[in-house]
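Reader: I'd like a close look at a single part of this chain. Could you pick one strand and walk me through what surrounds it?

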Amino acid sequence: MIRSLQTRAFASASPITYKRVGDQAATAPAAVKSLTQAANGVRIATLDGRGPVSSLAVVVGAGARHEAAAGAAHLLKASLVRARPGDNVVRTVREFELRGNTLFTAAAREHTLIASSFLRDDLVDVVPALIGQLFNPSFQPYEFLDAIPGVEAETAAALADAPTRVLDTVHQLAFRRGLGNSLFASPEALHHLKRADLQAFAAANFTADNIAVVGSGVSHDELEALVNASFEGVAVPSTAARSVAPSAYYGGEARIAGSGASHVAIAFKSSGISNAKAHATALVLRAVLDGSHRVKWGQSSGATGLLAKAAANGTTVSAFQNSYSDAGLFGLYIQGNASNVKSVAQKSIEAVKSAASSVSDAALTRAKKVAIVDYELSQTRDELVADIARQVLTLGSFATSAEVAQEISKVSAQDVAQAAQALLASKASVVSYGNLNKLPYADEL
């Protein structure tokens, strides 16, 4: 009886309406963006939102792509924080801890960095500490040997994670060398690496034209003065003694036996950050396909992107875009039950073909919003400084998230369709992981 009364009450209620009052402006106040050069030619870039916390990174435009000896970038990253002449590494680490600051190093395909997050008034201590560690002339044999077990453990842990292993392998298929070099130093590579290999890597790449000091939430004038003071007495070559071959795309197939859920990555040649319009278009195309779990209570592969209909019970599919200086990798990532991975993959490729045919105005409008939101969410505090450095070292300038949003807003349905057509025209890079007896081959998709 109570349920019946409630039903009638809800049925007879007036529809709920919302009145929008005082719309918030679509654009936020701009952060202060600055870019200059230190006296020795090192680029200094800042984006100051005037918050209480700052992030600073000293970034070298060299990573796995630039290795002459496999694994050198990974091992060097693990060796950046070490004892300085007349000092010891314990005090360096403890001083960061006592101030409440962070200290970390990272290596990617095209950069290596040392970075910290801290309160604004600690900038005066962090700048010389990071630059001093990066250009530390002391590198004892025991420090080299001590770093190896940690790198071995990092590699084992990373490659035990199926998505990490699949994406690393798909890069190897797509680019073979350069961008195809693994991010992780294998046990065999570590066995052959010598301290001289790391010193040669640093000598070839740690040059003024290949380094950027990037700050978020810092005063540019103060940072510039501190950078110039910290580099006094530090010999930094002006230009890089290296040649970097342009990225070439190949494609191919790899199959990896494994336990647990099945994983399949299908990737295609895409654009790099050097082409702003093509990069923005790739972000919108990814959003048209989507496949991300956007709402806690929603479907695992979303509900509004083209990939939503491709997913199956227990198997998800999403789109990804990895952008580098002169190339990119756009792909589909499928994870779940081996028994329906094939059908999900086939439907996912049909979704890309659908985007290559046409994109509705409603889908394009939604995708632009998704692309802007996802780009902003990807710019975590640590990722932001790395991304600014990557742009500065590649383009000589950098775009804020607001400027990227403006570029995304200019993308047309025709741009998206042409980008999808270009993907399908390239040879796919396909990696399968799991029960290989049940997983399809590339030519079956």
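Author: Let's start with a term: two strands pair if DSSP finds at least two bridges between them. Strands themselves are DSSP runs of E, at least two residues long, while helices are runs of H or I with at least four, and both are numbered from the N terminus. Before going on, bear in mind that this is a predicted model, where local features need pLDDT of at least 70, side-chain atom pairs count only at pLDDT 80 or more, and totals for chains, interfaces and linings use all residues. Residues are numbered from 1 along each chain as its sequence is written, and side-chain values use heavy atoms, with hydrogens and water left out.

Now to the strand I'd pick, β5, which covers residues 112–119. On one side of the story there's β4 (residues 104–107), tied to β5 by four bridges and running antiparallel to it. Just four residues separate β4 from β5, and the two make a hairpin. Within that pairing, Thr105 sits opposite Ile114 of β5.

Then there's β3, residues 53–60, also antiparallel to β5 and joined to it by eight bridges. Here Ser54 is the residue facing Phe118 of β5.

As for cover, seven of the eight residues in β5 are buried, meaning under 20% relative accessible area (over 50% is exposed, in between is partly exposed; 1.4 Å probe, protein chains only). For the whole chain, buried residues come to 47% of the 445. And to place β5 in the overall picture, the chain has 15 helices and eleven strands.
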